[in-house]
Amino acid sequence: MSAAVSTPAAAPTAPARKRPKWLTGRFGVIALPYGWLLVFFLLPFLILVNFSVSEMGAVVAKDLVSYKDGLLTLTLKFGNYVFITEDELYWMTYVASLKYAAITAVLCLLIGYPFAYFMARAKSTLQPTLLMLVMLPFWTSFLLRVYAWKGLLSEHGWVSDFLIGTGLDQVLAWAHLIPAPGKLMNTPFSLVLGMVYTYVPFMILPLYSNLSKMDVRLLEAAADLGATAWVAFWKITVPLSKAGIIAGTMLVFIPCVGEFVIPELLGGPETLMIGRVVWDEFFSNNDWPMASSVAVVMILLIIVPLAFFSKYQAEAQEAR
(Lines give C-alpha, C1' and ligand atoms only; values in the text may rest on other atoms or scores of the structure.)
Protein backbone atom coordinates (compact mmCIF):
# COMPACT_ATOMS: atom_id res chain seq x y z
CA MET A 1 0.00 0.00 0.00
CA SER A 2 1.57 3.22 -1.14
CA ALA A 3 0.98 6.49 0.58
CA ALA A 4 0.46 9.62 -1.51
CA VAL A 5 3.01 12.30 -0.88
CA SER A 6 1.58 15.78 -0.94
CA THR A 7 3.81 18.68 -1.93
CA PRO A 8 3.29 22.07 -0.43
CA ALA A 9 1.64 24.63 -2.73
CA ALA A 10 4.01 27.20 -4.18
CA ALA A 11 3.81 30.58 -2.55
CA PRO A 12 2.15 33.22 -4.76
CA THR A 13 4.70 35.43 -6.45
CA ALA A 14 4.50 39.13 -5.92
CA PRO A 15 3.23 41.04 -8.95
CA ALA A 16 5.99 42.59 -11.02
CA ARG A 17 6.42 46.28 -10.35
CA LYS A 18 5.64 48.40 -13.35
CA ARG A 19 8.58 50.52 -14.37
CA PRO A 20 8.07 54.25 -14.68
CA LYS A 21 7.10 55.43 -18.12
CA TRP A 22 10.22 57.51 -18.48
CA LEU A 23 12.36 54.37 -18.10
CA THR A 24 10.80 52.55 -21.04
CA GLY A 25 12.81 52.42 -24.22
CA ARG A 26 10.13 53.83 -26.52
CA PHE A 27 9.54 56.92 -24.41
CA GLY A 28 13.28 57.52 -24.05
CA VAL A 29 13.86 57.26 -27.78
CA ILE A 30 11.09 59.80 -28.46
CA ALA A 31 11.96 62.12 -25.57
CA LEU A 32 15.66 62.40 -26.37
CA PRO A 33 15.35 64.22 -29.74
CA TYR A 34 12.50 66.37 -28.43
CA GLY A 35 14.60 67.32 -25.41
CA TRP A 36 17.52 68.17 -27.71
CA LEU A 37 15.28 70.43 -29.83
CA LEU A 38 13.87 72.05 -26.71
CA VAL A 39 17.26 72.90 -25.21
CA PHE A 40 19.23 73.77 -28.34
CA PHE A 41 16.57 75.25 -30.62
CA LEU A 42 13.36 76.29 -28.89
CA LEU A 43 14.95 77.98 -25.86
CA PRO A 44 17.48 80.00 -27.93
CA PHE A 45 14.69 80.92 -30.33
CA LEU A 46 12.52 82.13 -27.44
CA ILE A 47 15.45 84.20 -26.18
CA LEU A 48 15.70 85.81 -29.62
CA VAL A 49 11.97 86.51 -29.62
CA ASN A 50 12.29 88.00 -26.14
CA PHE A 51 15.03 90.38 -27.32
CA SER A 52 13.14 91.24 -30.52
CA VAL A 53 10.16 92.72 -28.61
CA SER A 54 12.28 94.42 -25.94
CA GLU A 55 13.34 98.03 -25.56
CA MET A 56 17.05 98.68 -26.00
CA GLY A 57 18.75 100.15 -22.97
CA ALA A 58 22.12 101.85 -22.70
CA VAL A 59 24.06 98.60 -23.10
CA VAL A 60 21.65 95.66 -23.21
CA ALA A 61 17.95 95.18 -23.83
CA LYS A 62 15.53 96.00 -21.02
CA ASP A 63 13.40 93.35 -19.30
CA LEU A 64 9.94 92.74 -20.67
CA VAL A 65 8.38 92.48 -17.22
CA SER A 66 8.98 95.16 -14.62
CA TYR A 67 7.58 95.63 -11.12
CA LYS A 68 7.50 99.06 -9.55
CA ASP A 69 5.31 100.62 -6.87
CA GLY A 70 3.09 97.56 -6.73
CA LEU A 71 2.45 97.66 -10.47
CA LEU A 72 3.46 94.75 -12.73
CA THR A 73 4.09 95.97 -16.27
CA LEU A 74 4.58 93.95 -19.46
CA THR A 75 6.19 95.97 -22.25
CA LEU A 76 6.26 94.58 -25.79
CA LYS A 77 7.76 96.56 -28.65
CA PHE A 78 6.81 95.48 -32.17
CA GLY A 79 8.28 98.51 -33.89
CA ASN A 80 11.29 96.53 -35.11
CA TYR A 81 9.08 94.17 -37.11
CA VAL A 82 7.15 97.11 -38.55
CA PHE A 83 10.44 98.78 -39.52
CA ILE A 84 11.58 95.59 -41.32
CA THR A 85 8.44 95.64 -43.48
CA GLU A 86 8.95 99.33 -44.32
CA ASP A 87 12.71 99.39 -44.96
CA GLU A 88 13.70 98.25 -48.45
CA LEU A 89 17.22 97.29 -47.34
CA TYR A 90 16.03 94.38 -45.22
CA TRP A 91 13.75 92.97 -47.89
CA MET A 92 16.53 93.24 -50.48
CA THR A 93 18.90 91.31 -48.23
CA TYR A 94 16.26 88.66 -47.51
CA VAL A 95 15.60 88.20 -51.22
CA ALA A 96 19.33 88.15 -51.98
CA SER A 97 19.95 85.53 -49.28
CA LEU A 98 17.17 83.28 -50.56
CA LYS A 99 18.31 83.77 -54.17
CA TYR A 100 21.97 82.94 -53.58
CA ALA A 101 21.04 80.01 -51.33
CA ALA A 102 18.72 78.60 -54.01
CA ILE A 103 21.34 79.03 -56.75
CA THR A 104 23.94 77.32 -54.56
CA ALA A 105 21.58 74.42 -53.81
CA VAL A 106 20.79 73.89 -57.51
CA LEU A 107 24.47 74.00 -58.54
CA CYS A 108 25.43 71.65 -55.71
CA LEU A 109 22.74 69.24 -56.91
CA LEU A 110 23.94 69.39 -60.52
CA ILE A 111 27.54 68.79 -59.41
CA GLY A 112 26.89 66.42 -56.52
CA TYR A 113 24.43 64.02 -58.15
CA PRO A 114 26.89 62.63 -60.74
CA PHE A 115 29.54 62.30 -58.02
CA ALA A 116 27.16 60.46 -55.70
CA TYR A 117 25.91 58.24 -58.53
CA PHE A 118 29.46 57.30 -59.50
CA MET A 119 30.37 56.56 -55.88
CA ALA A 120 27.28 54.39 -55.38
CA ARG A 121 28.02 52.37 -58.54
CA ALA A 122 31.75 52.02 -57.89
CA LYS A 123 33.30 48.83 -56.52
CA SER A 124 32.60 48.19 -52.86
CA THR A 125 36.34 48.21 -52.15
CA LEU A 126 36.69 51.65 -53.75
CA GLN A 127 33.71 53.34 -52.09
CA PRO A 128 35.41 54.03 -48.71
CA THR A 129 38.26 55.81 -50.52
CA LEU A 130 35.86 57.93 -52.56
CA LEU A 131 33.89 58.75 -49.43
CA MET A 132 37.06 59.82 -47.65
CA LEU A 133 37.99 62.10 -50.58
CA VAL A 134 34.60 63.82 -50.33
CA MET A 135 35.09 64.38 -46.60
CA LEU A 136 38.74 65.39 -46.97
CA PRO A 137 38.05 69.17 -47.06
CA PHE A 138 36.55 68.93 -43.56
CA TRP A 139 40.01 68.04 -42.26
CA THR A 140 41.07 71.65 -42.75
CA SER A 141 39.60 74.80 -41.26
CA PHE A 142 36.53 76.22 -42.99
CA LEU A 143 37.99 79.71 -42.67
CA LEU A 144 41.28 78.67 -44.27
CA ARG A 145 39.48 77.11 -47.22
CA VAL A 146 37.52 80.30 -47.85
CA TYR A 147 40.70 82.38 -47.55
CA ALA A 148 42.33 80.05 -50.09
CA TRP A 149 39.65 80.93 -52.64
CA LYS A 150 40.30 84.59 -51.96
CA GLY A 151 43.89 84.07 -53.04
CA LEU A 152 42.94 81.91 -56.03
CA LEU A 153 40.49 84.49 -57.38
CA SER A 154 42.64 87.55 -56.71
CA GLU A 155 44.98 89.03 -59.30
CA HIS A 156 47.59 86.51 -60.52
CA GLY A 157 45.82 83.71 -58.66
CA TRP A 158 45.72 80.30 -60.37
CA VAL A 159 41.97 80.31 -60.96
CA SER A 160 42.04 83.97 -62.00
CA ASP A 161 44.82 83.39 -64.52
CA PHE A 162 43.01 80.35 -65.92
CA LEU A 163 39.69 82.16 -66.39
CA ILE A 164 41.35 85.19 -67.94
CA GLY A 165 43.60 83.08 -70.17
CA THR A 166 40.68 81.04 -71.53
CA GLY A 167 38.42 84.06 -71.95
CA LEU A 168 35.82 82.75 -69.50
CA ASP A 169 35.94 86.03 -67.60
CA GLN A 170 34.38 87.73 -70.62
CA VAL A 171 31.55 85.19 -70.55
CA LEU A 172 31.04 85.90 -66.84
CA ALA A 173 31.00 89.63 -67.54
CA TRP A 174 28.46 89.11 -70.34
CA ALA A 175 26.26 87.18 -67.88
CA HIS A 176 26.61 90.07 -65.37
CA LEU A 177 28.21 87.75 -62.79
CA ILE A 178 31.25 90.03 -62.63
CA PRO A 179 31.34 93.81 -63.29
CA ALA A 180 34.09 93.64 -65.92
CA PRO A 181 36.49 91.08 -67.43
CA GLY A 182 39.27 90.24 -65.01
CA LYS A 183 37.44 91.43 -61.90
CA LEU A 184 36.54 88.16 -60.18
CA MET A 185 36.70 89.02 -56.49
CA ASN A 186 33.84 90.55 -54.47
CA THR A 187 31.28 89.59 -57.10
CA PRO A 188 28.25 87.29 -57.25
CA PHE A 189 30.49 84.80 -59.09
CA SER A 190 33.06 84.60 -56.28
CA LEU A 191 30.30 84.36 -53.67
CA VAL A 192 28.44 81.51 -55.37
CA LEU A 193 31.70 79.72 -56.21
CA GLY A 194 32.79 79.83 -52.58
CA MET A 195 29.44 78.58 -51.28
CA VAL A 196 29.19 75.79 -53.85
CA TYR A 197 32.72 74.59 -53.04
CA THR A 198 31.99 74.69 -49.30
CA TYR A 199 28.58 73.01 -49.30
CA VAL A 200 28.77 70.48 -52.15
CA PRO A 201 29.87 67.67 -49.76
CA PHE A 202 26.61 68.20 -47.84
CA MET A 203 24.78 67.38 -51.07
CA ILE A 204 26.94 64.41 -52.05
CA LEU A 205 26.76 62.55 -48.72
CA PRO A 206 22.95 62.14 -48.42
CA LEU A 207 22.66 61.38 -52.13
CA TYR A 208 25.33 58.70 -51.86
CA SER A 209 23.64 57.22 -48.80
CA ASN A 210 20.35 57.02 -50.71
CA LEU A 211 21.72 55.77 -54.03
CA SER A 212 23.90 53.10 -52.45
CA LYS A 213 20.80 51.45 -50.96
CA MET A 214 18.86 51.35 -54.23
CA ASP A 215 18.02 47.90 -55.62
CA VAL A 216 19.88 47.69 -58.95
CA ARG A 217 17.63 44.80 -59.98
CA LEU A 218 14.99 47.41 -60.82
CA LEU A 219 17.31 48.82 -63.48
CA GLU A 220 17.91 45.32 -64.85
CA ALA A 221 14.15 44.74 -65.01
CA ALA A 222 13.67 48.02 -66.85
CA ALA A 223 16.37 47.05 -69.35
CA ASP A 224 14.65 43.68 -69.91
CA LEU A 225 11.42 45.56 -70.66
CA GLY A 226 13.16 47.63 -73.32
CA ALA A 227 13.92 50.85 -71.42
CA THR A 228 17.09 52.68 -72.38
CA ALA A 229 19.63 53.66 -69.75
CA TRP A 230 18.48 57.31 -69.88
CA VAL A 231 14.79 56.37 -69.49
CA ALA A 232 15.60 54.01 -66.62
CA PHE A 233 17.58 56.78 -64.95
CA TRP A 234 14.71 59.30 -65.10
CA LYS A 235 11.92 56.82 -64.38
CA ILE A 236 13.60 54.75 -61.64
CA THR A 237 16.83 56.21 -60.25
CA VAL A 238 15.72 59.82 -59.87
CA PRO A 239 12.33 59.05 -58.22
CA LEU A 240 13.94 56.57 -55.82
CA SER A 241 16.60 59.15 -54.88
CA LYS A 242 14.01 61.84 -54.12
CA ALA A 243 14.61 61.57 -50.38
CA GLY A 244 18.35 62.11 -50.84
CA ILE A 245 17.74 65.07 -53.15
CA ILE A 246 15.45 66.72 -50.61
CA ALA A 247 17.81 66.03 -47.71
CA GLY A 248 20.84 67.36 -49.59
CA THR A 249 18.98 70.45 -50.78
CA MET A 250 17.87 71.30 -47.27
CA LEU A 251 21.37 70.71 -45.87
CA VAL A 252 22.74 73.19 -48.41
CA PHE A 253 19.94 75.74 -48.61
CA ILE A 254 19.34 76.32 -44.90
CA PRO A 255 22.92 77.23 -43.82
CA CYS A 256 23.45 79.23 -47.03
CA VAL A 257 20.58 81.58 -46.17
CA GLY A 258 22.30 82.73 -42.98
CA GLU A 259 25.88 82.47 -44.26
CA PHE A 260 28.19 85.23 -43.03
CA VAL A 261 31.84 84.24 -43.51
CA ILE A 262 31.74 83.54 -47.26
CA PRO A 263 29.82 86.73 -48.21
CA GLU A 264 32.16 88.72 -45.96
CA LEU A 265 35.37 87.34 -47.53
CA LEU A 266 34.33 86.63 -51.12
CA GLY A 267 31.27 88.79 -51.65
CA GLY A 268 30.91 92.51 -52.14
CA PRO A 269 28.42 95.36 -51.81
CA GLU A 270 26.24 93.79 -54.51
CA THR A 271 26.02 90.51 -52.58
CA LEU A 272 24.84 91.78 -49.20
CA MET A 273 23.15 88.92 -47.36
CA ILE A 274 21.13 88.80 -44.18
CA GLY A 275 23.96 87.30 -42.10
CA ARG A 276 25.99 90.47 -42.58
CA VAL A 277 23.00 92.62 -41.61
CA VAL A 278 22.50 90.66 -38.39
CA TRP A 279 26.20 91.02 -37.55
CA ASP A 280 26.10 94.79 -38.16
CA GLU A 281 23.03 95.23 -35.98
CA PHE A 282 24.53 93.21 -33.14
CA PHE A 283 28.12 94.44 -33.10
CA SER A 284 28.27 97.69 -35.06
CA ASN A 285 24.97 99.33 -34.06
CA ASN A 286 24.69 97.46 -30.73
CA ASP A 287 20.95 97.17 -31.39
CA TRP A 288 20.11 93.75 -30.00
CA PRO A 289 16.32 93.99 -30.42
CA MET A 290 16.64 94.95 -34.10
CA ALA A 291 19.20 92.21 -34.77
CA SER A 292 16.98 89.67 -32.99
CA SER A 293 13.99 90.76 -35.06
CA VAL A 294 15.94 90.30 -38.29
CA ALA A 295 17.10 86.86 -37.13
CA VAL A 296 13.57 85.80 -36.12
CA VAL A 297 12.17 86.76 -39.51
CA MET A 298 15.01 84.87 -41.21
CA ILE A 299 14.25 81.75 -39.17
CA LEU A 300 10.54 81.99 -39.97
CA LEU A 301 11.30 82.32 -43.67
CA ILE A 302 13.03 78.94 -43.44
CA ILE A 303 10.90 77.12 -40.85
CA VAL A 304 7.44 77.89 -42.24
CA PRO A 305 8.05 76.45 -45.74
CA LEU A 306 9.77 73.43 -44.19
CA ALA A 307 6.79 72.84 -41.90
CA PHE A 308 4.34 72.95 -44.82
CA PHE A 309 6.60 70.68 -46.85
CA SER A 310 6.87 68.16 -43.99
CA LYS A 311 3.07 68.17 -43.64
CA TYR A 312 2.70 67.59 -47.37
CA GLN A 313 5.17 64.69 -47.24
CA ALA A 314 3.34 63.11 -44.31
CA GLU A 315 -0.02 63.40 -46.08
CA ALA A 316 1.47 61.95 -49.26
CA GLN A 317 2.84 58.93 -47.38
CA GLU A 318 -0.50 58.35 -45.64
CA ALA A 319 -2.31 58.47 -48.99
CA ARG A 320 -0.16 55.66 -50.40
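What follows is a chat between a colleague and a modeller about this predicted model.

Colleague: Which element has the lowest mean pLDDT, and which the highest?

Modeller: Let's start with the whole protein: this is a predicted model, and the average pLDDT is 83, with 87% of the residues scoring at least 70. Among the elements, the low end is strand S1 (residues 65–68), with a mean of 73. At the high end, with a mean of 93, sits helix H8 (residues 188–211).

Colleague: How many helices and strands are there?

Modeller: Contacts first: of those with a separation of 6 or more, 69% are between residues 24 or more positions apart. As for the secondary structure, the count is 14 helices and 2 strands.

Colleague: What does UniProt annotate as "transmembrane region", and how much of residues 130–148 is helix?

Modeller: The unreviewed UniProt entry puts that label on residues 27–49, 100–118, 130–148, 189–208, 243–262 and 288–310. Take 100–118: that span is 100% helix, with its end C-alpha atoms 27 Å apart. Over 130–148 the end C-alpha atoms are 23 Å apart, there is 0% strand, and the helix share is 68%.

Colleague: Which residues have the most contacts inside the largest nonpolar core, and which element gives the most to this core?

Modeller: Of the 320 residues in the protein, 32% count as buried. The largest nonpolar core takes in 55 residues, and Tyr94 and Val294 have the most contacts inside it. The element giving the most to this core, with 12 residues, is H8.

Colleague: Which residues does Tyr94 touch, leaving out those up to four places away in sequence?

Modeller: Val294, the other residue with the most contacts inside the core, is one of the partners of Tyr94. The full set, not counting residues up to four places away, is Ile84, Ile274, Ser293, Val294, Val297, Met298 and Leu301.

Colleague: Is Ser190 buried or exposed, and which backbone oxygen lies 2.5 Å from a polar atom of its side chain?

Modeller: Ser190 is in helix H8, and it counts as buried because its relative accessibility is 0%. Leaving out residues up to four places away in sequence, it touches Leu153, Leu184, Met185 and Leu266. A polar atom of the Ser190 side chain lies 2.8 Å from the backbone oxygen of Thr187. The partner at 2.5 Å is the backbone oxygen of Leu266.

Colleague: How far is Asn286 from Met56 in space, C-alpha to C-alpha?

Modeller: Asn286 is in the loop between helix H13 (274–284) and helix H14 (288–319), and with a relative accessible area of 33% it is partly exposed. Its side chain makes a polar contact of 3.3 Å with that of Trp288. Met56 is 230 residues away in sequence, yet the C-alpha distance is 9.1 Å.

Colleague: What is the phi of His176?

Modeller: Most residues other than glycine have a negative phi. His176, in the loop between helix H7 (168–174) and H8, counts as exposed at 68% relative accessibility. It isn't a glycine, but its phi is positive, near 60°.

Colleague: Where does Asn186 lie, and what is its phi?

Modeller: Asn186 is in the loop between H7 and H8. It counts as partly exposed because its relative accessibility is 42%. Although Asn186 is not a glycine, its phi is positive, at about 55°.

Technical notes:
Residues numbered from 1 in each chain as written. Predicted model: local features only at pLDDT ≥ 70, side-chain atom pairs only at ≥ 80, totals over all residues. Heavy atoms only, no water. pLDDT = per-residue confidence, 0-100. Helix = DSSP H or I, 4+ residues; strand = E, 2+ residues; numbered from the N terminus. Buried < 20%, exposed > 50% of the residue type's maximum accessible area, 1.4 Å probe, protein only. Contact = heavy atoms within 4.5 Å. UniProt positions renumbered as here; feature names shortened; annotations may be inferred. Core = buried A, V, L, I, M, F, W, Y, C linked by side-chain atoms within 4.5 Å. Polar contact = N/O pair within 3.5 Å; in protein donor to acceptor, adjacent residues only side chain to side chain.
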